[in-house]
Amino acid sequence: MEEMEEELKCPVCGSFYREPIILPCSHNICQACARNILVQTPESESPQSRRASGSGVSDYDYLDLDKMSLYSEADSGYGSYGGFASAPTTPCQKSPNGVRVFPPAMPPPATHLSPALAPVPRNSCITCPQCHRSLILDDRGLRGFPKNRVLEGVIDRYQQSKAAALKCQLCEKAPKEATVMCEQCDVFYCDPCRLRCHPPRGPLAKHRLVPPAQGRVSRRLSPRKVSTCTDHELENHSMYCVQCKMPVCYQCLEEGKHSSHEVKALGAMWKLHKNQLSQALNGLSDRAKEAKEFLVQLRNMVQQIQENSVEFEACLVAQCDALIDALNRRKAQLLARVNKEHEHKLKVVRDQISHCTVKLRQTTGLMEYCLEVIKENDPSGFLQISDALIRRVHLTEDQWGKGTLTPRMTTDFDLSLDNSPLLQSIHQLDFVQMKIPATPILQLEECCTHNNSATLSWKQPPLSTVPAEGYILELDDGNGGQFREVYVGKETMCTVDGLHFNSTYNARIKAFNKTGVSQYSKTLVLQTSEDTDSEEQTVPFPVPSERLPLRRMSPFSSTLNLQPSFPRRSYFDFRSSPHQLSLHSSLQSLNAPGCNFEAQSAPYSQLVDIKKLLAVAWFAFDPGSAHSDIIFSNDNLTVTCSSYDDRVVLGKTGFSKGVHYWELTVDRYDNHPDPAFGVARANVMKDVMLGKDDKAWAMYVDNNRSWFMHNNSHTNRTEGGITKGATIGVLLDLNRKNLTFFINDDQQGPIAFENVEGLFFPAVSLNRNVQVTLHTGLPVPDCYSSRASIA
């Protein structure tokens with residue numbers, strides 16, 4: 001209720017409305033305040049003169065804003081009416097609500113009548129203190145404005161609700177707190193006054209006494225006095241004029257004031273407008289609810305800002321302390337160097353002092369000895385030693401002359417600390433307005449799987465302003481294990497090869513820059529291609545008509561590859577949930593839980609043969625891993641060799657799970673060579689026949705017979721060879737861990753190899769006399785399927 005108080009106060013006096021009247025602009029004003037702001041207008045602008053000239057259109061004439069304007073200056077606090085010489089310019093005042101109001105041009109005459117009945121000067125004008133629309137009053141004056149009895153009732157209830165306690169209405173001096181209220185008398189009593197003035201006997205015994213709070217409520221709900229017509233004070237309002245938008249009485253209608261207007265019953269319009277106001281309030285209530293939630297968010301932001309400020313200040317102090325610690329450590333290192341230089345200089349000087357002292361002692365001794373020799377008077381004895389002494393003296397003198405008397409070390413320290421770059425860096429030390437990048441968005445329309453490869457594409461959010469320096473793509477192991485990084489770089493598209501067939505992988509992406517790492521994107525579920533041994537069935541599947549042709553794309557090697565672009569055709573059903581995005585291959589079994597395609601639109605309701613779709617091993621030969629003598633053509637599906645020696649070439653796709661079948665047709669077969677067909681590891685020897693080492697399992701065949709070979713061991717010689725046009729089939733069943741060969745659709749010998757496990761690549765070895773073409777994505781031979789079902 002407290003928020004409503006400003007709605008209940010007059011814009012002129014700033015107090016609660018007293019006898020409020022409704023101006024034509026729908027604003028309210030106290031009747032006394034309205035009289036105080038009346039202004040007289042010239043006679044030529046009166047309603048009578050306007051009606052006489054035919055320009056009057058209503059009882060209340062709004063002034064021409066070009067002739068009469070209200071202006072104010074925010075700093076001066078003054079406004080004036082302009083356009084009339086007779087309209088004096090008067091300073092305006094500010095009401096307690098901040099609205100500028102104008103005092104009357106002359107003081108109102110003294111009268112004992114109420115404000116509504118007091119006469120109004122002729123040609124009076126009133127200006128709304130809120131919207132500043134001006135109008136000239138007619139002969140009725142302020143009585144022509146309807147009273148706002150609804151507003152009076154709201155103010156009455158509001159003031160009663162604000163009262164601290166209900167007081168007795170019959171106490172003569174200090175009113176005591178009321179204890180009861182008589183509903184018939186409509187009076188609040190304290191206990192002494194009730195016993196004295198309202199005894200429970202006689203006619204008063206039938207009165208109903210209620211608690212004061214209940215009496216307050218009943219007083220609020222009691223019917224108020226019915227409003228009367230402003231033109232006919234003895235008539236109650238009974239109808240409503242739609243054009244004038246005001247209640248009217250029957251006498252108004254009989255006088256013909258609203259003869260051409262649409263008039264409706266007052267009760268019906270009351271209910272209609274109540275419903276309209278209720279509907280409008282519903283929308284406003286929603287906005288108010290949103291505003292409250294927004295205020296809660298802002299208050300939470302204030303708390304968060306305070307917490308972040310404390311955290312940031314602590315981080316700043318820690319960073320500055322780290323810089324100070326680093327500077328102190330560097331200071332200690334530099335002081336250590338100075339001390340080392342100091343010790344070195346002292347040592348050199350002290351060594352020189354010691355050396356000079358010893359040398360000077362020797363020189364002084366030699367000089368004293370020579371002086372004593374000179375004192376001797378024995379010529380022969382002197383001459384015997386004089387030559388030697390002369391040489392010693394000259395030698396000693398020469399020793400002193402070879403820089404001995406020059407200091408070996410200066411007293412200055414040849415060290416100069418260059419601190420200008422550091423000072424400049426300190427002066428330039430400032431905050432960098434850098435934030436972590438936004439979470440990347442996976443582009444589902446460009447994400448797809450093909451065989452055992454998965455291509456993912458992502459982008460930054462459209463409104464993101466923080467640049468990302470790179471992205472980190474993570475995949476799990478296909479069994480729900482931990483995520484691991486498979487790509488780090490600036491590209492926004494990546495293809496991961498060498499995944500397991502018929503496996504489900506979870507992928508996610510995040511961005512990073514110098515500031516930090518963003519949140520992870522939503523998890524994308526990738527389903528690699530199914531096995532080829534699923535039973536044949538035809539079911540509805542949502543494949544767009546423009547996407548029906550399967551792409552015979554070459555997959556990638558068992559390393560991470562980046563694709564600069566990727567065709568935007570894929571065969572997936574996209575489903576989203578609040579926590580996860582699901583990307584399911586169209587090659588997935590449609591009987592899996594959660595697959596529901598009935599809600600798809602008509603263009604996606606075509607029938608697709610599932611067995612044809614399940615022949616998923618589309619691949620080609622891999623030039624990157626083949627021997628250099630191998631020659632490729634036909635989009636790497638046809639190979640031959642330039643050498644007479646056998647050379648090995650592998651397929652691009654590796655298999656570790658499922659059943660896979662492919663064929664090779666012999667396009668050229670000269671001089672009865674013996675090519676080999678089978679599977680191999682990625683590190684198989686490429687310059688010998690397939691099967692010579694322990695990295696390959698093969699069948700080599702000539703024009704008459706064939707052999708199986710592994711680790712240079714030849715087994716199972718079988719009659720039947722190949723010629724030009726022959727077809728060799730290779731069936732790798734990793735579910736049963738065996739390898740079988742076919743020639744012209746007939747199985748060649750028994751199962752060639754058993755207990756084969758790991759990652760295998762299709763492989764062929766041939767020389768220049770043979771050329772073969774690869775055919776992939778083929779169904780399993782019927783003979784093998786029937787035997788497998790029996791087993």
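User: I'm looking at helix 7, where R287 and E290 both sit, three residues apart, or about one turn of the helix. What does R287 form with E290?

Analyst: A salt bridge, and keep in mind that this is a predicted model. The general test is a Lys or Arg side-chain nitrogen within 4 Å of an Asp or Glu carboxyl oxygen. Here the closest N and O atoms of R287 and E290 are 2.8 Å apart.

User: Are those two residues buried, partly exposed or exposed?

Analyst: Read the relative accessible area: under 20% is buried, over 50% is exposed, and partly exposed is in between. R287 has 46% relative accessibility, so it counts as partly exposed. E290, at 43%, is partly exposed too.

User: How many salt bridges does the structure hold?

Analyst: There are 17. One of the cases to look at is D733 with R736, where the closest N and O atoms are 3.0 Å apart. The two ends are placed quite unlike each other: D733 is buried, at 0% relative accessibility, whereas R736 is partly exposed at 43%. Another is D670 with R668, at 3.6 Å from N to O. In that pair D670 is partly exposed, with a relative accessible area of 33%, and R668 is partly exposed at 26%.

User: Which residues are linked in a network of salt bridges?

Analyst: E474, R508 and K510 are linked that way.

User: Back on helix 7, which residues join F294 in a nonpolar patch on the surface?

Analyst: The patch contains F294, L295, L298, M301 and I305, and together they have about 440 Å² of accessible area. F294 belongs to helix 7, which covers residues 266–374. To join a patch, a residue needs over 30% relative accessible area. F294 has 44%, so it is partly exposed.

User: Let's do strands. How do I read the pairing of strand 33 with strand 38?

Analyst: Look at the sense of the pairing, then at the bridges, then at a residue pair that fixes the register. Strand 33 (residues 659–669) and strand 38 (residues 727–733) are antiparallel, with seven bridges. For a register marker, take L664, whose bridge partner in strand 38 is I728. Strand 33 also pairs with strand 43 (residues 770–775), again antiparallel, over six bridges. There E663 stands opposite H775. Strand 33 is mostly covered as well, with nine of its eleven residues buried.

User: Where does the chain go after strand 38, and what is in the turn between strand 38 and strand 39?

Analyst: Strand 38 and strand 39 form a hairpin with four residues between them. In the turn, K737 has a positive phi of about 60°. The two strands pair in the antiparallel sense over six bridges, and G729 has F742 as its partner in strand 39.

User: Why is strand 39 largely enclosed by the rest of the structure?

Analyst: Check burial along the strand, then split it by face. Strand 39 (residues 738–743) has six of its six residues buried, so it is largely enclosed. On one side are N738, T740 and F742, and on the other are L739, F741 and I743, so to speak a strand with both faces covered.

User: Which other strands do bridges join to strand 39?

Analyst: Two bridges join it to strand 41 (residues 753–754), running antiparallel, with N738 opposite E754. Two bridges also join strand 39 to strand 40 (residues 746–747), antiparallel as well, and I743 has D746 as its bridge partner there. Strand 39 and strand 40 make a hairpin with two residues between them, and N744 in that turn has a positive phi of about 55°.

User: How many disulfides does a search of the whole structure find?

Analyst: Zero. The cut-off is 2.5 Å between cysteine sulfur atoms. Take C33: the closest cysteine sulfur, in C13, is 3.8 Å away, which is too far for a bond. C33 is buried, at 7% relative accessibility, and C370 is buried with a relative accessible area of 15%.

User: And the whole chain: how many helices and strands does it have?

Analyst: Eleven helices and 43 strands. Of its 791 residues, 38% count as buried. The exposed area is about 46,400 Å², with carbon and sulfur atoms supplying 53% of it. Among contacts between residues at least 6 apart in sequence, 62% join residues at least 24 apart.

Conventions
Residues numbered from 1 in each chain as written. Predicted model: local features only at pLDDT ≥ 70, side-chain atom pairs only at ≥ 80, totals over all residues. Heavy atoms only, no water. Buried < 20%, exposed > 50% of the residue type's maximum accessible area, 1.4 Å probe, protein only. Pairing = 2+ DSSP bridges. Contact = heavy atoms within 4.5 Å. Areas by Shrake-Rupley, 256 points an atom, 1.4 Å probe, with all protein chains shown as cover. Patch = residues over 30% accessible without salt bridge, like charges linked within 9 Å, V, L, I, M, F, W, Y side chains within 5 Å.
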